[in-house]
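Colleague: I'd like to go through the labels on this model with you and hear what stands behind each of them.

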Amino acid sequence: MATMKVNQISRDDLDWQLQYNTDRCTFCGKCVAACPFRAIEAGVEKRRKVISDHFTPEPKVQFKTVPVIKQCVGEYNFCRGCGICERVCPNEAIKPVRNEDSRFGVKYRATLADPYKRGGRANLATEKRTLDKIKVGRISQMTDPSLDASRHTFDMLAPFGRILPADEMPFDVVDGKLVMNSATPKVNWIYPIIVGDMSIGALSWRMWEAMAIAVAYLNEQVGLPVRMCSGEGGVPVRLLKSRYLKYVILQIASGHFGWNRIINAMPHMQELPGGILIKIGQGAKPGDGGLLQAKKVASHISEIRGVPKADLLSPPNHQGLYSIEESVQKMFLSLNSAFKFQVPVAIKVAASATSVSVYNNLLRDPYNIVGGFFVDGLAGGTGAANEISLDHTGHPIVSKLRDCYNAAVHQGKQGQIPLWAAGGLGANWNLAADAFKMMALGANGVFTGKLMLQIAGCVGNDHGKCNACNTGLCPVGICTQNPTLVKRLDIDKTAEQIVNYFIATDNELKKMLAPIGNSSLPVGRSDCLISVDRAVAERLNIQYSC
Amino acid sequence: MCRIGAIKSKNYIHPSKALHLMRSQQKGHDNSGFAMVMQDLGGRFANYKELPILSMACTDEGVKIAEDILHEAGFSRVMQWSPEINEQAGLKIEPMPNYVFQVLHYPKSYKYAPAHEKEELLVDIRLQIREALEETNDGYVYSFWPDVLTLKEIGDPTDIGTYFNLWQPDEDFTAKIITAQCRQNTNYDIVRYAAHPFFLEGYTALANGENTFYEKNKNFQKNLYKGYIGFESDSQCFLYTLHYIHKILKWPLQYYKHTITPLPYDEAEKREDHAILQNIRAVLGNLELNGPNTIIAVLPDGTMFNTCDAKKLRPVVIGHTADTVVISSEVTGLNEILPERDWTQDIYTNEREMVVINNNLEVERWQQ
């Protein structure tokens, strides 16, 4: 009996196997050149062929060496299923095929003694999404006629900033009119969908710039006041000093990356930033801090973040913040005062079993400085995480958002600290539907990240395809700093497609608002939702219909 | 669809006017009830302007429950009147055993109490009676306020008029302001509390249409003030918003319109008072109304006004003579009771205005 090496990783252990057709291959080499993971290589194979060249059969055995494209097998250079080889092949000779009997997860860990890391989203989602089980059931008919989506004027703005209770407004009555007798907390009224929050570093600078261009264009040419959150990775000084800064929400997280430059640029700012977002946690990997692996820390990333080339691990918590009250007093107060209380400051946390407690405490905000509560659910994306965090930790966003809204209603404080929700929204490619439903459940607005990358051309999905954002080898130039790979991304085209997507989304939002008869955003209008799933209906306190 | 109407006059008028106003519009409603609020009372109530009047419909046990509560709180009865009942076979009405209109003295301890303390007391006692009546299902208390009478009943309005003998003009039962509606709220259960007009602390409101922001409004209002309860009808929200803006926040009346139908952001931005408007929209976004509605309301000082939602509207027309102003869902109502008016002066309220009628019966059109 022949010997074999049981413990060695082999092709059938891998998540993806290459389906390669020698007959169609012309050995142009494009696939090998295009694969950033070095998961395929040119090689030769010995072939045995029986031929007969006589008019009566005289079989002869012939051995030939033929050139082939071979799949590499290893713990580092393995196929991620991104399909770039298939895209570049002129003859449809090669493509990755999912291996249902993969053992890669166990092989990798058993060989390297290292947690498997990757980007993307949780890959264990097996059920239909909750939002897909919810429909807009209240379509105005006889008593409340629908509006005309294409002709009616809709007011689709959401608050970013602290809203005071009406009886605390500094109003005086003078000559039968209300006048303000002192300032109120700064509130920016913006489009109810924020792009964010993905850092330069996690993203290529070209991808980040494309988003910034798209956001500026949406504001200045399309008339949609969309904001973009910088993520925790700093902001180019050129942008900090430009008039476009007003469209950017600056993020500060536990690593404080990039804040030296932001602070140094403050005297030179011609516009205030659109807001500050304190990131406490991230829905895709709650409990982990940010993770930028050294291979993505190119020289420009080092500079913008003010750090050496090394694995950049943001601590999972903010050093020195041990309670909600402390966070309000320290971070909110210092960031509010840094911009002289002219820039609203909000906080982003991962959805968790305790989100409602945090929100309840923030709602009591005695200093009127908490400008928003961003809750991020487990279906959100990330550039890099331990797979165990991605697949096995987190909290779904829909019921959590609903609980937060209900908590505010219970206190009679709904709307005072705007609620923004995210986590896998637009995963079915329709952000407008998800955004609408989240708002009807109580969100003032939503934020979206990974969808922007998918608009740009990200080939990954939530079933293990690609998910290589952490490697610095993104095959489409979105999540890499590799000078060759980033050039695969067309900045202008990407910006254009993001703009187009927002225009489409804006129209689709109106198509949702019109039939329920709303001129303004449907925040808290859960009466217009139904669910065809009794458990979902009961949990969210909306109508069950069948 | 509801039909609503309101009459404000320099002279005392009898509820038969309101019945005529509403019956002429009966093709537009379902004849499922009649309700009215009378304010600035004449006749037998004219001499008790300062004293609270309890309006309730209840069982014998209900009368006792209410009297016990009032007695314990220190109220003493000054006068009681019940409408003369005219029972006939075949009337479509679901009457209660007793209709009580009782004028009471404040407790002695309130002799020198400031107005707001007396007002709070009246609200507290009414809520207490309501809760007690609900517990045993012994009746309904509609209002407990000086110079105000409320009557609500389920049935055919014509028959309700006959039952209470309201078709016959009578100088002893009159008021200068009467608001009325001829339909129970059939979007929800038929309950007497769901019938417009709604009344709270001197404020009256009645509306037609559907409040599609009911859930938002209700969720916000239920924590604002103890008197914001019930919500049997989605239109109660309009009363509570008015009460909140005008009574609790003490904002001038024009800001009611800015609250319920804020100007679009683009338009508001161009105005001098844009900071105020923007702030009102921010803090009271939950009180916006989405329509389609028209609202008639009366303030404690007798001012009456009408306003509509900002986009879909429900029909309403205002007609007037030298001594009477009438607001009606349909012009046929005006033709019935104000045939002598100059109909070219009729006002059809638009989506950005409030039509306000003061106590001199001057009709003002306030543009938002």
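Colleague: What makes β13(A) and β14(A) a pair, and which way do they run?

Modeller: 4 bridges join β13(A) to β14(A), residues 275-279 of chain A, and the two run parallel. Pairing takes at least two bridges found by DSSP, so they qualify. Ile252(A) has Ile278(A) as its bridge partner in β14(A). This is a predicted model, by the way: local features need pLDDT of at least 70, side-chain atom pairs count only at pLDDT 80 or more, and totals for chains, interfaces and linings use all residues. Residues are numbered from 1 along each chain as its sequence is written, while chains are lettered from A and ligands numbered from 1 in the order in which they are written.

Colleague: How many bridges does β12(A) make with β13(A), and in which sense do they pair?

Modeller: β12 of chain A, residues 228-229, has 2 bridges to β13(A), in the parallel sense. Met228(A) sits opposite Val248(A) there. A strand is a DSSP run of E with at least two residues and a helix one of H or I with at least four, both numbered from the N terminus.

Colleague: Why do you say β13(A) is largely enclosed?

Modeller: A residue is buried if 20 or more other C-beta atoms lie within 10 Å of its own, exposed if 12 or fewer, and partly exposed in between, with C-beta atoms placed from the backbone. In β13(A), residues 248-252, 5 of the 5 residues are buried, so the rest of the structure largely encloses the strand. Both faces are covered: Val248(A), Leu250(A) and Ile252(A) are buried on one side, Ile249(A) and Gln251(A) on the other.

Colleague: Over to chain B. Why does Leu104(B) count as buried?

Modeller: Leu104(B) has 23 C-beta neighbours inside 10 Å, so it is counted as buried. Leu104(B) belongs to β5(B), residues 98-105. Beyond four places in sequence, its contacts include Leu51(B), Leu70(B) and Phe75(B). A contact means two C-beta atoms, placed from the backbone, within 7 Å.

Colleague: And what makes Ala132(B) partly exposed?

Modeller: Ala132(B) has 17 C-beta neighbours inside 10 Å, so it is classed as partly exposed. Ala132(B) lies in α3(B), residues 115-136. Leaving aside neighbours within four places in sequence, it is in contact with Ile65(B) and Ile69(B).

Colleague: How do you know that α9(B) is mostly covered?

Modeller: Helix α9(B) runs over residues 274-283, and 7 of its 10 residues are buried. Among them are Ile276(B), Leu277(B) and Val283(B). The buried residues pack against β7, β9 and β10 of chain A, plus α7 and α8 of chain B.

Colleague: What does each chain put into the contact?

Modeller: Chain A contributes 33 residues and chain B 27. On the chain A side, β9(A) and β10(A) are the elements giving two or more residues, and β9(A) gives the most, with 3. That side splits into 14 nonpolar, 13 polar and 6 charged residues.

Colleague: Which strands of the open sheet in chain B stand at the edges, and why?

Modeller: The sheet has 6 strands in the order β9-β10-β11-β12-β15-β16 (chain B), paired antiparallel. β9(B) and β16(B) are the edges because each has a single partner strand, which leaves one side of each without a neighbour in the sheet. From one strand to the next, the twist averages 20 degrees. β9(B) meets β10(B) over 3 bridges, with Phe199(B) opposite Thr204(B).

Colleague: How do you know that the radius of gyration of chain B agrees with a compact globule?

Modeller: The rule, over C-alpha atoms, is 2.2 Å times the number of residues to the power 0.38. For 368 residues that puts a compact globule near 21 Å, and chain B has 20 Å, so they agree. Buried residues make up 54% of the chain.

Colleague: What confidence does chain B carry?

Modeller: Chain B averages a pLDDT of 93, and 97% of its residues score at least 70; pLDDT is the predictor's per-residue confidence, from 0 to 100. The model as a whole scores ipTM 0.91 and pTM 0.94.

How values were computed. Axes are lines fitted to C-alpha atoms, for helices over the stretch in contact, and angles run from 0 to 180 degrees between N-to-C directions. Ala, Val, Leu, Ile, Met, Phe, Trp, Tyr, Cys and Pro count as nonpolar, Asp, Glu, Lys and Arg as charged, and the others, Gly among them, as polar.
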